[in-house]
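Got your viewer open? Let's take a walk through the model, one selection at a time.

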Amino acid sequence: MAAKQLKCRECGTEYPLEARYVCSRCFGPLEVGYDHERLADVGEVRRRIQGGPQNMWRYHDFLPLAGPQPRMRTGLPAGCTPLIRADRLAERLGLREVWVKNDAANPTHSFKDRVVSVAATRARELGFDTLACASTGNLANSVAAHGAALGMASYVLIPADLEEQKVLATGVYGTNLVKVRGNYDDVNRLCTELSGDRENWAFVNINMRPYYAEGSKTVAYEIAEQLGWELPDRVVVPIASGSLFTKIGKGFAEFIDVGLIDGEVPTMNGAQATGCSPVATAFRDGQDFCRPVKPHTIAKSLAIGNPADGPYALDLARATGGSIDSVNDQEIRAGIRLLAETTGVFTETAGGVTTAVLQKLAETGAIDREERVVIVITGEGLKTLDAVRHSFIDYEVDPTIESFEEAFAESVTV
Amino acid sequence: MAITVKLPTQLRDTVGGAPSVQAEGANVGEALESVFESHGELRDRLYQNGDLRRFVNVYLGGEDIRFLDGLQTALPDGAELTILPAVAGG
């Protein structure tokens, strides 16, 4: 495999490719390091991608997995989700070119299938038989499903007040579902403690986190490939821990480095909910670290008050000329409706955050009209139905023409 | 003031492998200083420029001390501090 070692992002200390996520010397996060020297023949790399399966294993050369070959891999492959040209959304916002990367079209309906595919596969390679996670909901769905597909036991820990749809869509896979009386940061603390004692468990976003996080790069690879091996000018991505945001930046950078695409990493805009906006606040205040907050927002999948990759998200936004902005719950609901009404894509609250931030950037003139903009929609609207309840009117009629026309005439009179 | 400090696996080598150590002090900073007196290596692992490293979380009764008074957070007798890496989750 192209992955060579784990490396501390803070102090550079290197470690072997084991189940390890934090630097023993400085507590900094570990990240997978690669040797891309052997990818010198760019034409061959591109052919290998294009000849690969219709899922994210086509980017095998850029993922930290040993074998087998991509086509032989079992489990629940994610990726190759649609990139939709959204002209009606663009027109509404006064922009020329907007694309929607619809990652709700994954096996368990969120981008989390990408990260779990890599973490679960790597966990298998390292000999683990049990998967576990701390989740705001989407990850819970994905870990439970991947455990089922791979025949691995799983333990899924969630905040007890999670949306009912996300609870049901986790339990159905036959996992050990644990509702923790607390918020996500409490769940995460508990899992971090547990992971120290449960050495035979692969916590996908704790001791497997360096591998897990790499899965998010495939969003960038797909966007570039789907645009005909070209880069967008700007990408708008929701931020919870900041991992997806930073790894999309890394994905573009890697494709540029090996010569698969020309140009620079796009302008990266992060999107948070005002009720949980530690990264947006730090960006606004010019800080390079995030002060933890207590979340209070309908965007529960983004409700991480202590974002692990916050500092790196700030670095990326600043380095690419982007920003990190936030929108309130009312704007989030409006964002869900705006995306649904102009593109036919029904997203969960996190996608409402992303769409509303796009709208805000367009309205404030931060986006040049000529730019090619991609928004990353990370999850499915059916998972957060309460966010759209009572947001529209409907009609109830008797099964007669008269009743139909009466209802319609009354409601649609101008 | 007898304080218990629980250590994550990544730090246990600095105290001979124990999962927790005893400390003394009226606040978090003093309690950690009392641990450093006998386990000096721990200071560099937890501190940078006199403050906690940005990827180190310290909890008192489940609450991140950043929500309390940081290193000045007062400790009742018998309090339990938990140190954990901050890079998990998401």
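Which residues does A74(B) touch, not counting residues up to four places away in sequence? Select A74(B) and you'll find A26(B) and N27(B) in contact with it, where contact means that two C-beta atoms, placed from the backbone, lie within 7 Å.

Before going on, some ground rules. This is a predicted model, where local features need pLDDT of at least 70, side-chain atom pairs count only at pLDDT 80 or more, and totals for chains, interfaces and linings use all residues. Residues are numbered from 1 along each chain as its sequence is written, while chains are lettered from A and ligands numbered from 1 in the order in which they are written.

**Still at A74(B)**

A74(B) sits in the loop between strand 6 (63-64) and strand 7 of chain B. Helices (H or I, at least four residues) and strands (E, at least two) are DSSP runs, numbered from the N terminus. Count around A74(B) and there are 14 other C-beta atoms within 10 Å, so this residue is partly exposed. The scale: 20 or more other C-beta atoms within 10 Å of a residue's own make it buried, 12 or fewer make it exposed, and anything in between is partly exposed. Now add L42(B), 32 residues away along the chain from A74(B): the two C-alpha atoms are 21 Å apart.

Colour chain B by pLDDT, the predictor's confidence in each residue, from 0 to 100. Its mean is 93, and 100% of the residues in chain B reach 70 or more. For the whole model, the scores are ipTM 0.91 and pTM 0.95.

**Where the chains meet**

Next, select the contact between the chains: 20 residues come from chain B and 31 residues from chain A. In chain B, strand 5 (56-60) and strand 7 (80-85) each supply at least two residues of the side touching chain A. That side of chain B has 10 nonpolar, 5 polar and 5 charged residues (Ala, Val, Leu, Ile, Met, Phe, Trp, Tyr, Cys and Pro count as nonpolar, Asp, Glu, Lys and Arg as charged, and the others, Gly among them, as polar).

**Over to chain A**

Show chain A by itself, with its 14 helices and 13 strands. Of its 414 residues, 55% are buried.

Try colouring two domains, with bounds from an automatic or database domain assignment: domain 1 (83-109 + 216-387) and domain 2 (112-213) of chain A. Their centres, taken over C-alpha atoms, lie 24 Å apart. Where they meet, 22 residues of domain 1 of chain A are in contact with 18 residues of domain 2 of chain A. On the domain 1 side, helix 8 (217-226) and helix 9 (243-257) of chain A are the elements giving two or more residues.

**Down a helix**

Zoom to helix 5 (residues 164-171) of chain A, whose buried residues are K166(A), A169(A) and T170(A). Look down the axis: these buried residues fall within an arc of 105 degrees, so they line one face of the helix. That arc is built from the directions from the helix axis to the C-beta atoms. They pack against helix 4 (138-150), strand 7 (153-159) and strand 8 (176-180) of chain A. Turn to the face away from the buried side of helix 5, and the exposed residues E164(A) and L168(A) come into view.

**Last stop**

Is M72(A) buried or exposed? M72(A) is exposed, with 9 other C-beta atoms within 10 Å. Look for it in the loop between helix 1 (42-50) and strand 4 (83-85) of chain A.
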